[in-house]
Amino acid sequence: DGYYEDVTTECVYSTSDYSDMVLLVTNSFNKVVYEQYNSTVGKYVGYTEVGLKYAENFNKNQAYLQQLKAQVDTFCRHNAQILDSAVRDKA
C-alpha cells in the first residue's frame, strides 16, 4: 500500500561501435509512465496530463537538456565500453 515512484535511466544500443546509443530517462508513478527523455528526440515527452506539464517545464531548461544529451558520451558510451570489454576479455 502507498505510492511508488520510479526513475529509470537506460543506455540502449545494438551496434558494437555504439553509433546508435540512446539515453532514456523514464519517470513513472504507480507503474504508469508519465514522462520520458529520449536523447534521439532531444527532449522530454509527456504521456499523462501531469507528465505533459512536467515535460513542458523540463524542456524550457536548455542547459539541463544539453547535460542529458552529453551523458550519451560521458555516461552511456563510457560505461558500455568498459562493460563490453570486460565481457569480451572473458570470452
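Which residues does the UniProt annotation "domain: MHC class II beta chain N-terminal" cover? According to that unreviewed entry, the domain covers residues 9–84. The model discussed here is predicted. Its chain holds two helices and four strands. The strands come before the helices, in the order β-β-β-β-α-α from the N terminus.

**Annotated domain**
- The span 9–84 carries its domain name from the UniProt record, in an unreviewed entry.
- Helix makes up 46% of the chain over residues 9–84, and strand makes up 30%.
- The C-alpha atoms at the two ends of this stretch lie 18 Å apart.

**Overall dimensions**
- The chain has a radius of gyration of 15 Å.
- A compact globule of 91 residues would have a value near 12 Å.
- The C-alpha trace spans about 45 × 35 × 15 Å along the principal axes of the chain.

**Burial, contacts and surface**
- Of the 91 residues in the chain, 27% are buried.
- Among contacts with a separation of 6 or more, 29% join residues 24 or more positions apart.
- About 6400 Å² of the chain is exposed.
- Carbon and sulfur atoms supply 53% of that exposed area.

**Charge**
- The chain has 8 positive and 12 negative charges.
- The mean positions of these two sets are 4 Å apart.

**Positive phi outside glycine**
- Most residues other than glycine have a negative phi.
- Y18 is not a glycine, yet it has a positive phi of about 65°.
- This tyrosine, Y18, sits in the loop between β1 (5–12) and β2 (22–29).
- Is Y18 buried or exposed? Y18 counts as buried because its relative accessibility is 5%, and the cut-off for buried is under 20%.
- K31 is not a glycine either, and its phi is positive at about 70°.
- The loop that holds K31 links β2 and β3 (32–38).
- Is K31 buried or exposed? K31 is exposed because its relative accessible area is 73%, and exposed means over 50%.

**T9 in strand β1**
- T9 belongs to strand β1.
- Its relative accessibility is 44%, so T9 counts as partly exposed.
- Which residues does T9 touch, not counting residues up to four places away in sequence? They are L23, L24, V25 and F75.
- L23, L24 and V25 fall within β2 (22–29), and F75 falls within helix α2 (residues 62–90).
- T9 and G51 are 42 residues apart along the chain, and their C-alpha atoms are separated by 17 Å.

**S16 in the β1–β2 loop**
- S16 is placed in the loop between β1 and β2, and Y18 is found in that loop too.
- At 68% relative accessibility, S16 is exposed, whereas Y18 is buried at 5%.
- S16 and A86 are 70 residues apart along the chain.
- The C-alpha atoms of S16 and A86 are separated by 14 Å.
- A86 falls within helix α2 (residues 62–90).

**D73 in helix α2**
- D73 is part of helix α2, which covers residues 62–90.
- D73 has a relative accessibility of 47%, so it counts as partly exposed.
- How many residues apart in sequence are D73 and S28? They are 45 residues apart in sequence.
- In space, D73 and S28 are 25 Å apart, C-alpha to C-alpha.
- S28 falls within β2 (22–29).

Key
Residues are numbered from 1 along each chain as its sequence is written. This is a predicted model: local features need pLDDT of at least 70, side-chain atom pairs count only at pLDDT 80 or more; totals for chains, interfaces and linings use all residues. Side-chain values use heavy atoms; hydrogens and water are left out. UniProt positions are given in the numbering used here, feature names are shortened, and annotations may be inferred rather than shown by experiment. The radius of gyration is taken over C-alpha atoms; the globule rule is 2.2 Å times the number of residues to the power 0.38. Buried means under 20% relative accessible area, exposed over 50%, partly exposed in between (1.4 Å probe, protein chains only). Contact means heavy atoms within 4.5 Å. Accessible areas come from the Shrake-Rupley method with a 1.4 Å probe; for residues, only the protein chains shown count as cover. Lys and Arg count as positive and Asp and Glu as negative; His and the chain ends are not counted. The place of a charge is taken as NZ of Lys, CZ of Arg, CG of Asp or CD of Glu.
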